[in-house]
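Let's take a walk through this protein together, starting with one side chain and working outwards to the whole fold. Keep the viewer open as you read.

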Amino acid sequence: MTTYEFLKNYCFLTFLILSFSSVNAGLNSFTNLIFVEDWLIERKVDLTINETKCRASIPLHANWFGARIRLGPNDELIKPIWLSVKADQVIDSKLTKIKELLDDCRSGLLFLPEKL
């Protein structure tokens, strides 16, 4: 076997093995979907109940979702009392845009936002 053939086979096997590695695709756990200005939209496809869940938060203040400024299950604004918020982060027009994106996200498996 020549060096070229060895390298070709080695590269092929490497790509083959790497293609079997797991991918975090939002199945049964939340994963980042899209950033819209300061807001992060995350998505989870719950295979046990066959439901798509989406949530939005501002991740600047904390690592944990519960300690962030976020939208609740009914798209209501939740702001922990110990956090200060910039007025432009929660203006009605921005919140309306985020709520529309959450509705699009929840509508099915394919998420293609029209306006960002």
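Which residue lies over the face of Phe 30? In this predicted model, that residue is Arg 55, placed 3.9 Å from the ring centre.

**Arg 55 and its surroundings**

Arg 55 belongs to strand β3. Besides its position over Phe 30, the charged end of Arg 55 also sits over the ring of Phe 65, at 4.0 Å from the centre of that ring. Both phenylalanines turn up again among the residues that Arg 55 touches: leaving aside residues up to four places away in sequence, the contacts are Phe 30, Leu 40, Ile 41, Glu 42, Phe 65 and Leu 102. If you would like a distance to check in your viewer, try Arg 55 and Lys 99: their C-alpha atoms are 9.5 Å apart in space, while the two residues are 44 apart in sequence. As for pairs between aromatic rings, the structure holds zero of them.

**The overall fold**

Now step back to the whole chain. How many helices and strands does the protein have? There are two helices and five strands, and their order from the N terminus is α-β-β-β-β-β-α. Of the 116 residues in the protein, 32% are buried. The accessible surface amounts to about 8200 Å², and carbon and sulfur atoms account for 60% of that surface. For a feel of how the chain meets itself, take the contacts between residues at least 6 apart in sequence: 36% of these join residues that are at least 24 apart.

**The disulfide**

Next door to Arg 55 in the numbering is a cysteine worth a look. Which residue is joined to Cys 54 by a disulfide? The partner is Cys 105, with an S to S distance of 1.9 Å. Cys 54 lies in strand β3 (residues 51-58) and Cys 105 in helix α2 (residues 92-106), so this link ties together parts of the chain that are 51 residues apart in sequence. A disulfide is a covalent bond between the sulfur atoms of two cysteines. The count for the structure comes to one disulfide. The link of Cys 54 and Cys 105 is left-handed, with -75 degrees about the S-S bond. Are these two cysteines buried or exposed? Cys 54 is buried, and Cys 105 is buried too.

**The salt bridges**

The count of salt bridges comes to five. Three of them are set out here, including two that share Glu 37.

| Salt bridge | Closest N to O distance |
|---|---|
| Lys 94 and Glu 37 | 2.9 Å |
| Lys 97 and Glu 37 | 3.7 Å |
| Arg 106 and Asp 103 | 3.9 Å |

Begin with Glu 37, which is linked with Lys 94 and Lys 97 in a network of salt bridges. Why does the bridge of Lys 94 and Glu 37 tie together parts that are far along the chain, 57 residues apart in sequence? Lys 94 lies in helix α2, whereas Glu 37 is in the loop between β1 (31-36) and β2 (39-46), so the bridge spans from helix to loop. The ends of this bridge have contrasting surroundings: Lys 94 is buried, with a relative accessible area of 10%, whereas Glu 37 is exposed, at 51%.

The bridge of Glu 37 with Lys 97 also runs from that loop to helix α2, so it ties together parts that are 60 residues apart in sequence. Lys 97 is partly exposed, with a relative accessible area of 22%.

Arg 106 and Asp 103 make a bridge within helix α2: they are three residues apart, which means a separation of about one helical turn. Arg 106 is partly exposed, with a relative accessible area of 28%. Asp 103 is partly exposed as well, with a value of 45%.

**A glycine in a loop**

One last stop is Gly 72. Where is Gly 72 found? This glycine is in the loop between β4 (69-71) and β5 (77-78). Gly 72 has a relative accessibility of 7%, so it counts as buried, the cut-off being under 20%. The C-alpha atoms of Gly 72 and Ala 56 are 8.3 Å apart in space, and the two residues are 16 apart in sequence.

Terms used. Residues are numbered from 1 along each chain as its sequence is written. This is a predicted model: local features need pLDDT of at least 70, side-chain atom pairs count only at pLDDT 80 or more; totals for chains, interfaces and linings use all residues. Side-chain values use heavy atoms; hydrogens and water are left out. Helices (H or I, at least four residues) and strands (E, at least two) are DSSP runs, numbered from the N terminus. Buried means under 20% relative accessible area, exposed over 50%, partly exposed in between (1.4 Å probe, protein chains only). Contact means heavy atoms within 4.5 Å. Accessible areas come from the Shrake-Rupley method with a 1.4 Å probe; for residues, only the protein chains shown count as cover. Rings of Phe, Tyr and Trp (its six-membered ring) pair if their centres lie within 6.5 Å; planes under 30 degrees apart count as stacked, over 60 as edge-to-face and the rest as tilted. A charge sits over a ring if NZ of Lys or CZ of Arg is within 6 Å of the ring centre and within 35 degrees of the ring normal. A disulfide is a pair of cysteine sulfur atoms within 2.5 Å. A salt bridge is a side-chain nitrogen of Lys or Arg within 4 Å of a carboxyl oxygen of Asp or Glu.
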